[in-house]
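I am opening a notebook on a structure that is new to me, and I want to look up a few of its local features one by one.

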Amino acid sequence: MMFRRVRELHLIGRGRLAWREREAPTVQDPGDAIVRPFIAGRCDGDTLPIHRPVSRALQAGVALGVIDPVVGCICGSVPFKGPFAIGHECVAQVVAVGAAVERVRVGETVVVPWAVSCGSCSQCLRGLTSKCSTTTSRTLAAYGFGAASGPWGGVVADAVRVPFADHMLVPVPAGVPPLRVAAAGDNLADAWRSVVPPLGERPGASVLVIGGGAASIGLYAAGLAVAHEAAFVDYVDGDPGRRLIAESFGARPMTATSAAYDIVVEASSRAAGLRRAIRSLAPGGICTAVGFYLAAGTRVPLMRMYATDATLRIGVSHARAALPDLLAFVERTGFAAERVATLTAGWDDAPRAYAARTTKVVLQRDPL
Ligand SMILES: [Zn+2]
Ligand SMILES: [Zn+2]
């Protein structure tokens, strides 16, 4: 193996990140690959433990019954408590493969999905790759969520072990700039599921995106909805910079709306946003909520949903399942996803840049 010790970005405490050294990961199973990330996006969810004193508040909230106790089953009984290796959205170069790896080749540029999955269990075969029954026990199996989510570490690192490499790693098509698909392993795929399948069911539908909390996902969703020929896409956000990015994709920037929509994306990551999203649905409408709603009670307006015959979709995204279609779409159309990156920083600057209060951070360095 070419690395002995490797650098890995850790969240130490609120707002504090640092490089830590760890032993270089090695091929442990013939199906493993070792990859070297060279582009990493900051997932919208990572801003929660970075910018808010979330760990202690979550524990207290669970104890008081105001936070749903299932939070502990997603990323451990003490969620987001530093220090832990953070980061789970990257494009990487394959640097080593195990003896049983047949499809992935050393030197190839690949997207690494945020959740670790096997590709052959019944959940994976249904497309629920983030709920893989081989890799997932009590919590998620994922990069960058701490030890409770497995031994995988974070992807803002010099080397990362990827099991089931032939299934997990999806090559970036030739001609697609890697920076364009920086978020394909998580946030861009999350946006994809919120608008592309619903628009497939309802071609030419009207779309509303309520942005803000899941800041980059809302913008990717607005852009993808325009590119998939929604009748129109309204984008609501209090942030003028994000409204401009949404407008650049062809969405209509707004600060308020009173219309009813066939498809609504709730990306404010707030219970009030969820209620507003549901109340914005036209009859038969579909709402996908991509945020975290931690409270034990969110007052979802069920009678309103009954009256409008609404569908609410909520849950983690299954990035691996969406990646082939997503990458083929980007290759075919040149969809300018890089427009969402409001801060592109050098890899060595990760501890400072990753903490920035901005919509989307992308780290980059040269591939080998
Ligand atoms: Zn994420
Ligand atoms: Zn599986």
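Which residues of S9 are buried on one side, and which on the other? I keep in mind that this is a predicted model. On one side I find Ser 206, Leu 208 and Ile 210, and on the other Val 207 and Val 209, all of them buried, so that both faces of S9 are covered. I counted 5 of the 5 residues of this strand, residues 206-210, as buried, and I therefore note S9 as largely enclosed by the rest of the structure.

Next I looked up the strands that pair with S9. Strand S10 (residues 232-236) pairs with S9 in the parallel sense over 5 bridges, and within S10 I find Val 233 as the bridge partner of Val 207. Following the chain from S9 to S10, I pass through helix H7 (residues 215-227), and I record this β-α-β crossover as right-handed. Strand S12 (residues 261-266) also pairs with S9 in the parallel sense, over 4 bridges, and here Val 265 of S12 is the bridge partner of Val 209.

I then turned to the backbone, keeping in mind that most residues other than glycine have a negative phi, and most peptide bonds are trans. Ser 269, in the loop between S12 and helix H9 (271-279), has a positive phi of about 65 degrees although it is not a glycine, and with a relative accessible area of 23% I enter it as partly exposed. Asp 309, in the loop between helix H10 (302-308) and strand S14 (311-314), has a positive phi of about 60 degrees and counts as exposed at 57% relative accessibility.

My last entry is the peptide bond from Gly 82 to Pro 83, which is cis, with omega near -5 degrees; Pro 83 lies in the loop between helix H3 (71-75) and strand S4 (84-85).

How values were computed
Residues numbered from 1 in each chain as written. Chains lettered and ligands numbered in written order. Predicted model: local features only at pLDDT ≥ 70, side-chain atom pairs only at ≥ 80, totals over all residues. Heavy atoms only, no water. Buried < 20%, exposed > 50% of the residue type's maximum accessible area, 1.4 Å probe, protein only. Helix = DSSP H or I, 4+ residues; strand = E, 2+ residues; numbered from the N terminus. Pairing = 2+ DSSP bridges. Right-handed = clockwise from strand over helix to strand, strands pointing away.
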